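User: Please take a close look at a single part of this protein, the central strand pairing of its open sheet, and then set that part in the context of the rest of the chain. I would like one connected account.

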Amino acid sequence: MNIETKAIHAGNKIDSDTKAAIQPITLSSTFERGENGDYPGGYIYSRSDNPNRKSLENVVTALENGADACAFATGNAAGMSVFQALEPGSHIIGPDDMYHGLRNQLKLMFKGILTFDFIDLTDIELIFNTIKRETKLIWAETPSNPLLKLCDIEAIAHIAKEHQLIFAVDNTFASPMCQQPISLGADIVMHSTTKYLNGHSDVTGGILVTKEKDSFWEKIKIVQGYGGAVPSPFDCYLVTRGIKTLPYRMRGHVANAQALADFLEAHESVEAVFYPGLKSHPQHDLASKQMLSYGGMLSFLVKGGEDKAKEIVNNLKIFTQATSLGGVESLIEHRYSVEGPDTKTPKNLLRVSVGLEHIDDLISDLESVL
Ligand SMILES: *Cc1c(COP(=O)(O)O)cnc(C)c1O
């Protein structure tokens with residue numbers, strides 16, 4: 001099946017009692033046992049498993065060409081489960097521009113339990129030299145936030161395999177429509193389903209997909225079931241519903257982002273534009289090789305510094321000034337002021353989650369403030 005078909009069918013189960021064509025939301029926290037104490041419906045208790053969670057896990061497994069998935073209440077809980085599944089003392093190599101929520105999670109919650117180095121993952125030699133005896137995991141995020149830097153998934157997968165390391169990729173920025181890390185050699189893919197997968201900015205959620213049901217995956221399943229940071233049936237229903245239109249939404253996000261990037265690059269008030277679909281992007285060739293399309297996120301530097309950047313976000317009419325991404329509505333954000341003082345993000349950078357409004361309206365809104 002092609003991805004459009006999987007998105008619609010892989011997460012839906014026609015109800016066996018009522019024949020409801022769209023799978024109902026199963027709110028029950030518990031499930032009736034059989035006379036001999038077994039579980040004839042296949043479910044025991046909703047923390048351990050739930051039909052709507054199962055549907056969400058099935059569809060994302062299909063989209064990412066994996067073997068299994070574990071859904072969580074947030075993207076951060078999904079990422080945390082990978083870290084929690086490591087033995088204490090393990091060393092992690094992550095990107096120097098890792099999503100700040102997960103970087104802070106490691107620094108604030110795993111200090112003394114795990115060790116980590118945040119490095120430039122575009123430098124393959126540096127990755128090689130950072131690996132030590134305790135290294136267990138390479139965590140990559142591509143394209144990265146907010147500079148849309150790429151790292152070479154196939155090349156890192158190769159190093160990880162050579163050193164028997166687990167290789168996880170945060171695929172939130174790309175979505176499975178634009179990039180499929182498992183097909184490029186990754187062991188685990190993570191998504192904040194809050195973003196493109198749900199796509200309507202009304203749920204928080206996260207998910208992990210595995211290439212193989214190996215012993216590390218068994219540990220992650222333990223973290224999911226006993227840790228219990230699981231999503232509600234209603235949230236799972238909403239994300240599964242959102243995913244049905246993901247392939248068509250992504251086409252619109254990508255087309256609008258490319259057009260907006262072209263417009264911004266030609267504008268005299270703009271110093272630089274970061275979008276993998278631009279020929280000027282330093283890793284445009286890598287993007288063309290490993291991405292199926294270039295995504296819906298971009299960022300740009302404004303001439304006139306931080307004050308001008310803030311003036312722009314305060315005067316746009318269609319773009320909402322807010323954090324997050326992947327919804328149908330366009331969002332714009334001054335990243336430096338969200339990420340805090342230890343960030344490398346330039347003060348005149350604006351990040352855009354390009355939505356599905358008409359491109360002419362988005363361009364004229366920006367034109368009027370630039
Ligand atoms: C939002 C985001 C996360 C965290 O997801 P939450 O659902 O907010 O917990 C992780 N990685 C990336 C790239 C994100 O954009």
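Analyst: Two strands are taken as paired if DSSP finds at least two bridges between them. In this model, which is predicted, 5 strands form an open sheet on that basis, in the order S8-S9-S12-S11-S10, and the pairing is mixed. The edge strands are S8 (270–274) and S10 (320–321), each of which pairs on one side only.

The part to examine closely is strand S12, which covers residues 349–353. On one side, S12 pairs with strand S9 (residues 297–302) in the antiparallel sense, over 5 bridges, and within this pairing Leu301 stands opposite Leu349 of S12. On the other side, strand S11 (residues 331–334) is joined to S12 by 4 bridges, and these two strands also run antiparallel. Two facing positions can be named in that second pairing: Leu331 stands opposite Ser353, while Ile332 stands opposite Val352.

The side chains of S12 are divided between two directions, with Leu349, Arg351 and Ser353 pointing one way and Leu350 and Val352 the other way, and all of them are buried. Because 5 of the 5 residues of S12 are buried, the strand is largely enclosed by the rest of the structure. Buried here means under 20% relative accessible area, and the division into two directions therefore does not separate a buried set from an exposed one, since the residues pointing either way are buried.

Close to this part in sequence, Glu333 forms a salt bridge with Arg335, with the closest N and O atoms 2.8 Å apart. Glu333 counts as buried because its relative accessibility is 6%, and Arg335 likewise counts as buried, at 1% relative accessibility. Elsewhere, salt bridges that share partners join Asp96, Asp97, Asp120, Lys149 and Lys344 into one network. Within it, Lys149 forms a salt bridge with Asp96, the closest N and O atoms being 3.6 Å apart. Lys149 lies in the loop between strand S4 (135–141) and helix H6 (153–162), and Asp96 in the loop between strand S2 (91–95) and helix H4 (100–109), so this pair ties together parts that are 53 residues apart in sequence. Lys149 is partly exposed, with a relative accessible area of 26%.

As for the wider setting, the protein chain is divided into domain 1 (3–241) and domain 2 (245–368). The centres of the two domains, taken over C-alpha atoms, are separated by 26 Å, and 39 residues of domain 1 are in contact with 40 residues of domain 2. A search of the whole structure finds 18 salt bridges. One that links distant parts of the chain pairs Arg251, in helix H9 (residues 246–265), with Glu4, in helix H1, 247 residues apart; the closest N and O atoms of Arg251 and Glu4 are 2.5 Å apart. Arg251 is partly exposed, with a relative accessible area of 40%.

The surface offers a further point of reference, for Ile25, Leu27 and Phe234 make a nonpolar patch of about 290 Å². Ile25 is found in the loop between helix H1 (3–9) and helix H2 (51–63), and Ile25 is partly exposed, with a relative accessible area of 31%. The residues of S12, by comparison, are buried on both of the sides to which they point.

Notes. Residues are numbered from 1 along each chain as its sequence is written. This is a predicted model: local features need pLDDT of at least 70, side-chain atom pairs count only at pLDDT 80 or more; totals for chains, interfaces and linings use all residues. Side-chain values use heavy atoms; hydrogens and water are left out. Patches are made of residues with over 30% relative accessible area and no salt bridge: like charges are joined within 9 Å, nonpolar side chains (Val, Leu, Ile, Met, Phe, Trp, Tyr) within 5 Å. Accessible areas come from the Shrake-Rupley method with a 1.4 Å probe; for residues, only the protein chains shown count as cover. A salt bridge is a side-chain nitrogen of Lys or Arg within 4 Å of a carboxyl oxygen of Asp or Glu. Buried means under 20% relative accessible area, exposed over 50%, partly exposed in between (1.4 Å probe, protein chains only). Domain bounds come from an automatic or database domain assignment. Contact means heavy atoms within 4.5 Å.
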